[in-house]
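Good morning, colleagues. I should like to take you through one structure today, and I ask you to keep the view open as I speak.

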Amino acid sequence: MADDRARLEALIADIQAEFPSFRIVKKEESGFAKAIDVALRIVTFGGQREFMTRYYTVIGDTLYVPEGFDDFDPVDVMVTLRHERIHLKQRRRYTMPVFAVIYLLLPFPLGLAYGRARIEWEAYTETLRAVRDLRGEDALRSSALKSRIVSQFTSAAYGWMWPFRSQVEAWYDAAVREISAEGAGDTPP
Ligand SMILES: [Zn+2]
């Protein structure tokens, strides 16, 4: 456990080295996050009510973390940070205005949000790789993990961004096969 905390601190330092203005803000201490929470409840008709309690959100160089963050399992936090780091890289790659347009508008803000789905898909692939690295091959193949991630795409969580379950499952299965084939040996401990 102490080791995992140290590894988490090292990961945060590593992200800060790559993105110097990266910072972590607790949602319950942020008026901005509270305002987004209200807006999300409205646009999803109350379908997304866990923004404050469950979800991490990157805006600019700031990672907004849910309530209770300090008590979270450090391995879970590392898996999440690796996902969010992909979003930081994407934003740098596409530049912020283009990233925002892809993420929020293409092709529609809610439902069939293919741009958002592809961006999230790249980040969830890293989630799967992190699960394999930190929790092992059996955890990677967990059906609970699969249904949790697939539902992120098909449910109100991200505004029904790609509601075609069989297609998302096909992406998922292909990513698991690819990550398994990479092998765990070539990633640093
Ligand atoms: Zn994401």
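I shall begin with the metal site and then turn to one helix.

This is a predicted model, in which local features need pLDDT of at least 70 and side-chain atom pairs count only at pLDDT 80 or more, while totals for chains, interfaces and linings use all residues. Residues are numbered from 1 along each chain as its sequence is written, and side-chain values use heavy atoms, with hydrogens and water left out.

Which protein atoms are the donors of the zinc ion? They are NE2 of H83, NE2 of H87 and, listed twice, OE of E120, at 2.0 to 2.5 Å. Donors here are N, O and S atoms within 2.8 Å of the metal (3.2 Å for Na, K and Ca); water is not among the atoms, so sites may look incomplete. The donor residues follow the spacing H-x3-H-x32-E. H83 and H87 both belong to helix α3, residues 74–94, and sit four residues apart, about one turn of the helix. Helices are DSSP runs of H or I with at least four residues, numbered from the N terminus. H83 is buried at 4% relative accessible area, and H87 is buried at 7%. Buried means under 20%, exposed over 50%, with a 1.4 Å probe and protein chains only.

Let us turn to helix α8. Its buried residues are V168, W171, Y172, A175, V176, I179 and S180. They cover an arc of only 165° around the axis, so they lie on the same side of α8; the arc is that of the directions from the helix axis to the C-beta atoms. The face turned away from that buried side carries the exposed S166, R177 and A181. After α8 comes G183, with a positive phi near 80°.

Definitions and conventions:
Helix = DSSP H or I, 4+ residues; strand = E, 2+ residues; numbered from the N terminus.
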